[in-house]
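Work through these exercises with the model open beside you. Try each task before you read its solution.

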Amino acid sequence: MKIGIIPLRAGSKGIPGKNKKALLGRPLFSWVLGEAILSRLDLIYVYSDDGEILAMTLSDYAWSGKVKALERPAETASDQASTESAMLALAESLDHSFDIICLLQATSPLTRAEDIDACIDAVENGGFDSSLSVVKTTRFHWDASGAALDYDVSARPRRQDHQGQLVENGAVYCSKAEAFWKSSCRISGRIRPVEMGAESLTEIDEKEDWPIVEALVRRNLRALRSDPPLPVKALIMDVDGCLTDGSVQVSAKGEKTKGFSLIDGMGLALLRKAGIQAWVMTREDSPIVAARMRKLGIEDYYPGTADKYARVRALLGERGLEAAEVAYLGDDINDLACLLSSGWALCPRDAQEPALAAADIVLKNKGGRGAAREACDFLIAYNQRWKA
């Protein structure tokens, strides 16, 4: 059994509420959690003294059987407490029922599933007791006394000839259970450094780090695309503001009506006829929307999906698709990660500004007023050009 732990404290001095603050529309901790779901870990424990984070985890990731939420004891979440104290408390509560424990840090949102798996592989198959993620730097280092630590000042090497050093980036630490229990440390025994990309050296500890890391995450999402885009195999759509006009009539008993477009319904039928899958994903779990999806024959309907990016990544893996092979129709900040990473990003003309800024195509029509039909027509024509 390979387990992951993401320890999260409610208190944060540098950035209040840091772990649940939105980074490109997703809570900070969601970035590493989403990658952990895609990794070879069997279970991931979100371990926090923040009740809101625990509630979010239980509701937003119910679709993944790998994610658990456990309350972190207060004595392990103080300013003075070590991360190891939290790891030990969790491990003891699990009654030693694991073979590998992997510490994942939410402050490193550039962590990828491949990085987690590489650290796991080092201890599972590489003959090491533990592993940690590092970044190779070819910078020259000095101590406070003015002595060069890694080169001869009288024969300064070119940077490209400098062997460099490995620096911890604080993202992933992995250990065999027996080594962890013996040392009570995140790494011990025979240790394997596992290299990650140079950009992952920046962690979010202070508010000044936030825009730097956000720009790096945005760049990595864009790198999932293709230039030119590949033929589109699926269109993923939000509901409110895309398939509806964003308005709803309510009564004392709850939702009464939503505004859908019959024109959009025909567009989706034509899309499927052209061999392009239609997926619908929304945070809400509305019986009105469910009824409309049945009427439209949409089988790939995913209600109650708060973290759309993580769900999309998991579905792409299950179906053998690349992000560059899908288009995404969204209208708000919670669609941002999907818009940035999909082969085509489309928005209704009345979408919110962050979504509009990320779009490849701003449609002429509004949400629930022909935008989906316009998107379908565009993608059908685009694929036809590829065939030609």
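**Exercise 1. A residue and its contacts**

Which residues does Ala-359 touch, not counting residues up to four places away in sequence?

Solution. Start with the ground rules. This is a predicted model, in which local features need pLDDT of at least 70 and side-chain atom pairs count only at pLDDT 80 or more, while totals for chains, interfaces and linings use all residues. Residues are numbered from 1 along each chain as its sequence is written, and side-chain values use heavy atoms, with hydrogens and water left out.

Step 1. Find the place. Ala-359 sits in the loop between helix 11 (353-358) and strand 17 (361-362). Helices (H or I, at least four residues) and strands (E, at least two) are DSSP runs, numbered from the N terminus.

Step 2. Look for contacts, meaning heavy atoms within 4.5 Å. Ala-359 touches Ala-345 and Cys-347.

Step 3. Check the cover. Ala-359 has a relative accessible area of 18%, so it is buried. Buried means under 20% relative accessible area, exposed over 50%, and partly exposed in between (1.4 Å probe, protein chains only).

Step 4. Add a distance. Ala-359 and Trp-344 are 15 residues apart along the chain, and their C-alpha atoms are separated by 7.9 Å.

**Exercise 2. Strand 16 and its sheet**

State which way the residues of strand 16 point, then place the strand in its sheet.

Solution. Step 1. Sort the side chains. Trp-344 and Leu-346 point one way from strand 16 (residues 344-347). Ala-345 and Cys-347 point the other way. All of these residues are buried.

Step 2. Find a partner. Strand 15 (residues 326-329) runs parallel to strand 16, and three bridges join them. Two strands pair if DSSP finds at least two bridges between them.

Step 3. Match residues. Ala-327 has Trp-344 as its bridge partner. Leu-329 has Leu-346.

Step 4. Step back to the sheet. Six strands form an open sheet in the order 14-13-10-15-16-17, with parallel pairing. Strand 14 (300-302) and strand 17 stand at the edges with a single partner strand each, so one side of each has no neighbour in the sheet.

**Exercise 3. Strand 7 and its two partners**

How many residues of strand 7 are buried? Which strands pair with it?

Solution. Step 1. Count the covered residues. Seven of the eight residues of strand 7 (residues 130-137) are buried.

Step 2. Take the antiparallel partner. Strand 7 pairs with strand 8 (residues 165-176) in this sense over seven bridges. Here Val-134 stands opposite Glu-168.

Step 3. Take the parallel partner. Strand 7 pairs with strand 9 in this sense over five bridges. Ser-130 has Ile-191 in strand 9 as its bridge partner.

**Exercise 4. Three loop residues**

Describe the setting of Leu-24, Ser-184 and Ser-108.

Solution. Step 1. Take Leu-24. Its loop lies between strand 2 (22-23) and strand 3 (26-27). Leu-24 has a positive phi of about 50°, although it is not a glycine. Its relative accessible area is 4%, so it is buried.

Step 2. Take Ser-184. Its loop lies between helix 5 (177-183) and strand 9 (191-195). Ser-184 is not a glycine either, yet its phi is positive, about 60°. With a relative accessible area of 32%, Ser-184 is partly exposed.

Step 3. Take Ser-108. Its loop lies between strand 6 (100-104) and helix 4 (113-124). Ser-108 is buried, because its relative accessibility is 3%. Leaving aside neighbours within four places in sequence, Ser-108 is in contact with Asn-169, Gly-170, Ala-171 and Glu-203. Its C-alpha atom is separated by 10 Å from that of Glu-199, 91 residues apart along the chain.

**Exercise 5. The whole chain**

Sum up the chain in numbers.

Solution. Step 1. Count the elements. The chain has 12 helices and 17 strands. Its radius of gyration is 24 Å, close to the 21 Å that the globule rule gives for 388 residues, so the chain is as compact as a globular protein of that length. The radius is taken over C-alpha atoms, and the rule is 2.2 Å times the number of residues to the power 0.38.

Step 2. Give the box. The C-alpha atoms fill roughly 70 × 55 × 40 Å, taken along the principal axes.

Step 3. Give the buried share. Buried residues make up 51% of the 388 residues.

Step 4. Look at contacts between residues at least 6 apart in sequence. Of these, 67% join residues at least 24 apart.
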